[in-house]
Amino acid sequence: AQGVCPTFLAEGAAPRSMIATRDIGREAARLLTEAAAPRIVQLASAEGYTSEGAAAAAAAVLEREVTVVRPPRAAWEGILAEAGLGAPTAALIAEMY
């Protein structure tokens, strides 16, 4: 534990919606069991989150300093590959940002 919150989001990026996978699964199960016709459903959190906000929340829970770190763009694919993603997937995810 190094007290680091790594992110690919630019400093000052607009807050983003984040949804817990448990909540996604719960909603998917509900939708799959209802009789209504299939439709597109968009899930969003009640408020947006920033990297700085996530670091601040982690710091409060951990009772220690947590710093946001933005690795250089050229390192993103390697970082994702080190995390276990295959090279094609790492390239696609890096491209999204």
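## An aromatic cluster, a nonpolar core and a salt-bridge network

Phe8, Trp76 and Tyr97 form one aromatic cluster, where rings of Phe, Tyr and Trp (its six-membered ring) pair if their centres lie within 6.5 Å, with planes under 30 degrees apart counting as stacked, over 60 as edge-to-face and the rest as tilted. This is a predicted model, in which local features need pLDDT of at least 70 and side-chain atom pairs count only at pLDDT 80 or more, while totals for chains, interfaces and linings use all residues. Residues are numbered from 1 along each chain as its sequence is written, and side-chain values use heavy atoms, with hydrogens and water left out.

By the ring-centre rule, the count comes to three aromatic pairs. In one of them, the ring centres of Phe8 and Tyr97 are 5.8 Å apart and the planes stand at 70°, so this pair is edge-to-face. Phe8 lies in the loop between β1 (4-6) and α1 (21-33), whereas Tyr97 lies in the segment after α4 (87-96), so the pair ties together parts that are 89 residues apart in sequence; here helices (H or I, at least four residues) and strands (E, at least two) are DSSP runs, numbered from the N terminus. The two partners differ in their cover: Phe8 counts as buried at 18% relative accessibility, and Tyr97 is partly exposed with a relative accessible area of 47%, given that buried means under 20% relative accessible area, exposed over 50%, and partly exposed in between (1.4 Å probe, protein chains only).

Trp76 and Tyr97 also form an edge-to-face pair, with 6.3 Å from centre to centre and 90° between the planes. Because Trp76 lies in helix α3 (residues 76-82) and Tyr97 in the segment after α4, this pair ties together parts that are 21 residues apart in sequence. Trp76 is buried, with a relative accessible area of 7%, and, when residues up to four places away in sequence are not counted, Trp76 touches Phe8, Pro71, Ala94 and Tyr97, contact meaning heavy atoms within 4.5 Å.

Two members of the aromatic cluster, Phe8 and Trp76, reappear in the largest nonpolar core, which has five residues and also includes Leu80, Ala90 and Ala94. A nonpolar core is a set of buried Ala, Val, Leu, Ile, Met, Phe, Trp, Tyr and Cys residues joined through side-chain atoms within 4.5 Å. The elements that give two or more residues to this core are α3 and α4. In soluble globular proteins, nonpolar side chains tend to be buried together.

Nonpolar residues also form a patch on the surface: Ile24, Val41 and Leu43 have about 210 Å² of accessible area together. Such patches are made of residues with over 30% relative accessible area and no salt bridge, like charges being joined within 9 Å and nonpolar side chains (Val, Leu, Ile, Met, Phe, Trp, Tyr) within 5 Å, and accessible areas come from the Shrake-Rupley method with a 1.4 Å probe, where for residues only the protein chains shown count as cover. Within this patch, Ile24 is placed in helix α1 and is partly exposed, with a relative accessible area of 37%.

Turning to charged side chains, the structure holds five salt bridges, each being a side-chain nitrogen of Lys or Arg within 4 Å of a carboxyl oxygen of Asp or Glu. Glu34 takes part in a salt bridge with Arg30 (3.0 Å, N to O) and in another with Arg39 (2.6 Å, N to O). Glu34 is partly exposed, with a relative accessible area of 25%, as are Arg30 at 39% and Arg39 at 47%. Arg70 and Glu52 likewise meet through their side chains in a salt bridge (2.6 Å, N to O). This pair links distant parts of the chain, with Arg70 in the loop between β2 and α3 and Glu52 in helix α2, 18 residues apart. Both partners are partly exposed, Arg70 at 28% relative accessibility and Glu52 at 35%. Elsewhere, salt bridges that share partners join Glu27, Arg30, Glu34 and Arg39 into one network.

Two backbone details remain. Glu63, in the loop between α2 (51-62) and β2 (67-69), has a phi near 55°, a positive value in a residue other than glycine, and Glu63 is exposed, with a relative accessible area of 73%. Pro6, placed in strand β1, counts as exposed at 60% relative accessibility; Pro6 and Val69 are 63 residues apart in sequence and 4.8 Å apart in space, C-alpha to C-alpha.
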